Amino acid sequence: WYVENVIMNIDRSTGAGHIDIYINYKIGSKFKDNKGADCPVHDTMQRTWQHANFFEHKCFIHARVPRIRTSENKTELVQVPWSRSGSGFTLMFEAFSMLLIESEMPIKKAARIVDIHDTRLWRIFTYWVSRARKTDSQNDIVNIGLDETSTKKGHKYVTLAVDMDLRRVIFVTPGKDKQTISELKDY
């Protein structure tokens, strides 16, 4: 992979703009399939990802992404190193977004900062939390703390279970009655 071109587009009247980075691959390159075999390029697809802003300017990465003929004679799109499959964002963009959320910023506010709709940020958040939960082990939890808190004005509650030793939330469920304990036990 190499940077083929960088274009800065600025609206002179507003000062707003964006940066387009064009990435390409060297002709004749081979890419590994999921079995580790070097495979030739079959054709390409044009793709675009939103990258972390440069100063106040949005940044987009554009690339001709190769589709390869695999060792199993199937055609598949190469996974680019700067983005996860199916995402319209670079890993750096997603990491910055998650950092905002991790610092306890509300999703709507974080979405305004990175200038995307909050539903797109929820998808990023859900992906990374689901991935972390798959690798999380709760086998060695010894001390659990329970508490309930309101989620909105009125009487909307959730019950939280916390690993007291590591000080992390391990379970959340709506309500504050004895059914919440049964749900924790079944979890």
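**The largest pocket and a three-stranded sheet**

The largest pocket in this predicted model has a volume of about 730 Å³. Its lining is made up of 17 residues, and those that lie nearest the centre of the pocket are Phe-125, Val-129, Arg-133, Val-169 and Val-172. Three elements give two or more residues each to this lining, namely α1, which covers 91–102, α3, which covers 118–135, and β9, which covers 168–174. In chemical character, the lining residues of the largest pocket divide into 12 that are nonpolar, one that is polar and four that are charged.

The strand β9, already met in the pocket lining, also belongs to an open sheet of three strands, whose order is β7-β8-β9 and whose pairing is antiparallel. Within this sheet, β7 (144–152) and β9 are the edge strands, each of them pairing on one side only. From one strand to the next, the twist of the sheet averages 30 degrees.

Looking at the pairing in more detail, β7 and β8, the latter formed by residues 156–163, run antiparallel to each other and are joined over eight bridges. A position to look for here is Ser-150, which stands opposite Tyr-157 of β8. A helix completes this part of the picture: α4, spanning residues 178–186, packs on the sheet and touches β7, β8 and β9, while the direction of α4 makes about 130 degrees with that of β9. The strand β9 can thus be followed through both parts of this description, as a contributor of two or more residues to the lining of the largest pocket and as an edge strand of the sheet.

Notes. Residues are numbered from 1 along each chain as its sequence is written. This is a predicted model: local features need pLDDT of at least 70, side-chain atom pairs count only at pLDDT 80 or more; totals for chains, interfaces and linings use all residues. Side-chain values use heavy atoms; hydrogens and water are left out. On a 1 Å grid over the protein atoms alone, a cavity is a set of points where a 1.4 Å probe fits but cannot get out, and a pocket is an open set with protein on both sides within 12 Å along at least five of seven lines; lining residues have an atom within 4 Å of a point. Grid points are joined across faces, edges and corners, and a volume is the space filled by probe spheres set on the points. Helices (H or I, at least four residues) and strands (E, at least two) are DSSP runs, numbered from the N terminus. Ala, Val, Leu, Ile, Met, Phe, Trp, Tyr, Cys and Pro count as nonpolar, Asp, Glu, Lys and Arg as charged, and the others, Gly among them, as polar. Two strands pair if DSSP finds at least two bridges between them. Axes are lines fitted to C-alpha atoms, for helices over the stretch in contact, and angles run from 0 to 180 degrees between N-to-C directions. Contact means heavy atoms within 4.5 Å.
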